[in-house]
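Q: Got a minute to walk me through this model? I'd like the overall layout before I get into the details.

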Amino acid sequence: MASATGIPEVRSTDAANHGRGEEEPLLGRAGDASQQEDQGLQFNFVIGTAVIAQVGIWILAATIWASVFVSPLALFSAHPLLNSAGILLTTQAILLLQPTHTPKQKKQGANIHGILNLTSILTLIAALVVIEYNKIGHGGTHFESPHAILGLITYILFFLQAIVGIAQYYTPNVFGSVENAKSIYKYHRMSGYVILILSFATIAAATQTDYNKNVLHIQLWAVVVASVITLIGVLPRIKKQKLGL
């Protein structure tokens with residue numbers, strides 16, 4: 001997420017020093033995953049390999065939602081529904097912002113990126129409240145299974161990521177200056193991809209819980225395949241220059 005008061009502009013000389021500048025994705029040719037000047041932000045959801053990512057993330061969400069709705073519904077049912085919705089929103093937020101490269105695009109994209117991620121965070125908080133209320137109500141243990149531990153770590157990282165993103169975009173001076181805020185953009189982006197991967201690992205771990213094995217029956221292989229498809233669509237669109245490469 002970039003700063004509204006200090007969106008970095010790539011001068012032609014800077015672009016030359018970085019290969020082909022911000023139009024060069026991690027994989028592919030320059031411009032393959034870039035928003036065109038006359039295109040709206042909505043096209044960013046399907047530019048380049050984004051279509052592959054959309055297939056993967058919607059398969060993952062549909063797999064979880066279908067398993068929940070064909071099973072007996074209870075308060076706990078909201079936990080997987082809300083968590084998967086949060087990850088879906090986060091993926092859309094990433095896909096939206098990746099192709100932006102002009103100051104105007106970055107500003108517009110960052111605002112909507114923030115809205116999507118804020119909605120995602122609120123959804124994840126609701127999912128956390130549901131599982132904790134359910135655990136307390138049934139006298140269950142807290143944060144003992146691999147899924148629970150990974151989930152707690154993922155929640156914490158999501159919240160920290162959101163706080164840093166909001167601060168560097170809306171209040172960059174809390175870092176001392178706009179330039180200081182700009183200097184951590186690449187780390188914010190890197191950590192975003194790490195958190196996305198960790199989210200998929202958390203969902204995979206959920207398939208090994210007793211509740212899933214006895215009630216939902218979501219298959220580990222289905223989660224892994226859908227997650228890999230999503231990453232195949234997301235990772236090649238990473239812009240090298242945006243990560244300082």
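What follows goes from the overall fold to single helices, the core, the pocket and a few residues.

A: Sure, and keep in mind that this is a predicted model.

Q: OK, how many helices and strands does the chain have?
A: Nine helices and zero strands. Along the sequence the pattern reads α-α-α-α-α-α-α-α-α.

Q: What share of the chain is buried?
A: Buried residues are 45% of the 245 in the chain.

Q: And what about contacts, how much comes from residues 24 or more positions apart?
A: Taking the contacts with a separation of 6 or more, 74% are between residues at least 24 positions apart.

Q: Let's pick a helix. Is H3 mostly covered or mostly open?
A: Mostly covered, with 16 of its 20 residues buried.

Q: What span should H3 have, and what does the model give?
A: H3 covers residues 78-97, and at 1.5 Å a residue its 20 residues should span 28 Å. The C-alpha atoms at its ends are 29 Å apart, so the two agree.

Q: Same check for H5, what comes out?
A: The expected span for its 25 residues is 36 Å, and the end C-alpha atoms are 36 Å apart, so that agrees too.

Q: Which residues of H5 are buried?
A: The buried ones are His147, Gly151, Thr154, Tyr155, Phe158, Gln161, Gly165, Ala167, Gln168 and Tyr169.

Q: What covers them?
A: The cover includes H3, H4, helix H6 (178-183) and H7.

Q: Switching to the core. How many residues are in the largest nonpolar one, and which have the most contacts inside it?
A: It has 30 residues, and Leu60, Ile87, Leu196, Phe200 and Val234 have the most contacts inside it. At least two residues of this core come from each of helix H2 (50-69), H3, helix H4 (103-138), helix H5 (146-170), helix H7 (185-206) and helix H9 (220-234).

Q: Zoom in on isoleucine 87. What is it in contact with?
A: Not counting neighbours within four places in sequence, isoleucine 87 contacts Ile57, Phe158, Leu196, Ser199, Phe200 and Ile203. Of these partners, Phe158 is one of the buried residues of H5, while Leu196 and Phe200 are on that list of core residues with the most contacts.

Q: What about threonine 123, buried or exposed?
A: Threonine 123 is in helix H4. Its relative accessible area is 13%, and buried means under 20%, so it counts as buried. Leaving out residues up to four places away in sequence, threonine 123 touches Leu82, Ala85, Gly86 and Leu89.

Q: And serine 67, where is that?
A: Serine 67 lies in helix H2. At 10% relative accessibility it is buried, and beyond its neighbours within four places in sequence it is in contact with Leu216 and Ile218.

Q: On to pockets. How much space lies in the largest pocket?
A: About 870 Å³.

Q: What lines it, and which residues lie nearest its centre?
A: The lining has 40 residues, with Phe76, His79, His147, Ala206 and Thr209 nearest the centre. By type, the lining splits into 20 nonpolar, 16 polar and four charged residues.

Q: Which helix supplies the largest share of that lining?
A: H5 does, with eight residues. H3, H4, H5, H7 and helix H8 (210-216) each give at least two.

Q: Which non-glycine residue has a positive phi?
A: Histidine 217, with phi near 60°. Histidine 217 is in the loop between H8 and H9, and at 46% relative accessible area it is partly exposed.

Q: Last topic, a couple of C-alpha separations. Where is phenylalanine 43, and how far is it from leucine 95?
A: Phenylalanine 43 is in the loop between helix H1 (12-17) and H2. The C-alpha atoms of phenylalanine 43 and leucine 95 are 9.9 Å apart, with their positions 52 residues apart along the chain. Phenylalanine 43 is partly exposed, at 39% relative accessibility.

Q: And methionine 190 with isoleucine 238, what separates their C-alpha atoms?
A: That separation is 9.6 Å, for residues 48 apart along the chain. Methionine 190 lies in helix H7 and is partly exposed, with a relative accessible area of 33%.

How values were computed. Residues are numbered from 1 along each chain as its sequence is written. This is a predicted model: local features need pLDDT of at least 70, side-chain atom pairs count only at pLDDT 80 or more; totals for chains, interfaces and linings use all residues. Side-chain values use heavy atoms; hydrogens and water are left out. Helices (H or I, at least four residues) and strands (E, at least two) are DSSP runs, numbered from the N terminus. The expected span of a helix is 1.5 Å times one less than its number of residues. Buried means under 20% relative accessible area, exposed over 50%, partly exposed in between (1.4 Å probe, protein chains only). A nonpolar core is a set of buried Ala, Val, Leu, Ile, Met, Phe, Trp, Tyr and Cys residues joined through side-chain atoms within 4.5 Å. Contact means heavy atoms within 4.5 Å. On a 1 Å grid over the protein atoms alone, a cavity is a set of points where a 1.4 Å probe fits but cannot get out, and a pocket is an open set with protein on both sides within 12 Å along at least five of seven lines; lining residues have an atom within 4 Å of a point. Grid points are joined across faces, edges and corners, and a volume is the space filled by probe spheres set on the points. Ala, Val, Leu, Ile, Met, Phe, Trp, Tyr, Cys and Pro count as nonpolar, Asp, Glu, Lys and Arg as charged, and the others, Gly among them, as polar.
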